[in-house]
Amino acid sequence: EPPLPVPNLLVNPGVEEGADGRPQSWAFGTATPAIFESDWRDGGRSGRCLWLKARTGEMSGYWAQSVAVVPGTPYLAKGHLRILSGKILCYVHGTADAGDGRKVSVDARHYRGTMRGHWLTPVFVPLDALSGPDAERWHPFRIAFTPPAPVDRVALSLGLYFAAGEALFDDLEVCLAEVALQ
């Protein structure tokens, strides 16, 4: 239990549905929108994907979706990303009032970065010395988390973390991490 396959809690996890140039159930947010471009575009693993570009590292910006969860239950957030330049942060976060004046939260993160696109390359750092994932391939990511009580809602946020860069995200999932097989 629950029956396999485990249900995906995200709406529009493949990022294929949408209207008026925006993906259904996904929203982009940042404190400094002037430095970002965000788009719902072709070129995903299986159709469309979430795309993001930051012109400076002044602020981070994220595509996000919120889902209901059961406190104390283990979950997985996973998906695929392509990092063309910069530094990516994929994270699950949520906060609730514990009822005694304290805030209780979950904050589970996955970072990826590359030197591609950095101002030191290729003049001071040769291209063959760069580290980071291949920009031409999709790479999986995975975040395990257990929301503490009373956190019953979390957001999956996918974006660029205080770095100029460009990234794509596709085929996303938030699901139970454990099932009881009988």
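How many salt bridges does a search of the whole structure find? The search finds six, a salt bridge being a side-chain nitrogen of Lys or Arg within 4 Å of a carboxyl oxygen of Asp or Glu.

The model is predicted: local features need pLDDT of at least 70, side-chain atom pairs count only at pLDDT 80 or more, and totals for chains, interfaces and linings use all residues. Residues are numbered from 1 along each chain as its sequence is written, and side-chain values use heavy atoms, with hydrogens and water left out.

**Stop 1: salt bridges**

Select R55 and E37. Their side chains form a salt bridge with an N to O distance of 3.1 Å. R55 sits in the loop between β5 (48–54) and β6 (61–68) and E37 in strand β4 (residues 36–42), so the pair links parts 18 residues apart in sequence. Strands here are DSSP runs (E, at least two residues), numbered from the N terminus. R55 counts as partly exposed because its relative accessibility is 44%; E37, at 34%, is also partly exposed. The cut-offs are under 20% relative accessible area for buried, over 50% for exposed and partly exposed in between (1.4 Å probe, protein chains only).

Next, select R45 and D171. The closest N and O atoms of this salt bridge are 3.0 Å apart. Since R45 lies in the loop between β4 and β5 and D171 in strand β11 (residues 165–176), the pair ties together parts that are 126 residues apart in sequence. R45 is partly exposed at 42%, and D171 is partly exposed at 22%.

Then select R109 and D107, whose side chains meet in a salt bridge at 2.8 Å, N to O. R109 is partly exposed, with a relative accessible area of 38%, and D107 is partly exposed at 45%.

**Stop 2: A108**

Select A108, in strand β8 (residues 103–114). Is A108 buried or exposed? A108 counts as buried, because its relative accessibility is 14%. Leaving out residues up to four places away in sequence, A108 touches C90, Y91, V92, I143, A144 and F145; contact means heavy atoms within 4.5 Å. Measure C-alpha to C-alpha from A108 to F145: the distance is 6.2 Å, with the two positions 37 residues apart in sequence numbering.

**Stop 3: strand β9**

Select residues 139–145, strand β9. H139, F141, I143 and F145 make up the covered face, while P140, R142 and A144 make up the uncovered one. In a regular strand the side chains alternate between the two faces of the sheet. Add strand β7 (residues 75–97), which pairs with β9 in the antiparallel sense over seven bridges; pairing requires that DSSP finds at least two bridges between the strands. To see one position in register, select L81, which stands opposite H139 in β9.

**Stop 4: N12**

Move to N12, in the segment before β1 (18–19). N12 is buried, because its relative accessibility is 10%. A polar atom of the N12 side chain lies 3.0 Å from the backbone nitrogen of E16. Beyond residues up to four places away in sequence, N12 touches E17, P23, Q24 and W26.

**Stop 5: L4**

Finish with L4, also in the segment before β1. L4 is exposed, with a relative accessible area of 57%. Add V179 and L181, which with L4 make a nonpolar surface patch of about 310 Å². Such a patch consists of residues with over 30% relative accessible area and no salt bridge, its nonpolar side chains (Val, Leu, Ile, Met, Phe, Trp, Tyr) being joined within 5 Å.

How values were computed: Helix = DSSP H or I, 4+ residues; strand = E, 2+ residues; numbered from the N terminus. Polar contact = N/O pair within 3.5 Å; in protein donor to acceptor, adjacent residues only side chain to side chain. Patch = residues over 30% accessible without salt bridge, like charges linked within 9 Å, V, L, I, M, F, W, Y side chains within 5 Å. Areas by Shrake-Rupley, 256 points an atom, 1.4 Å probe, with all protein chains shown as cover.
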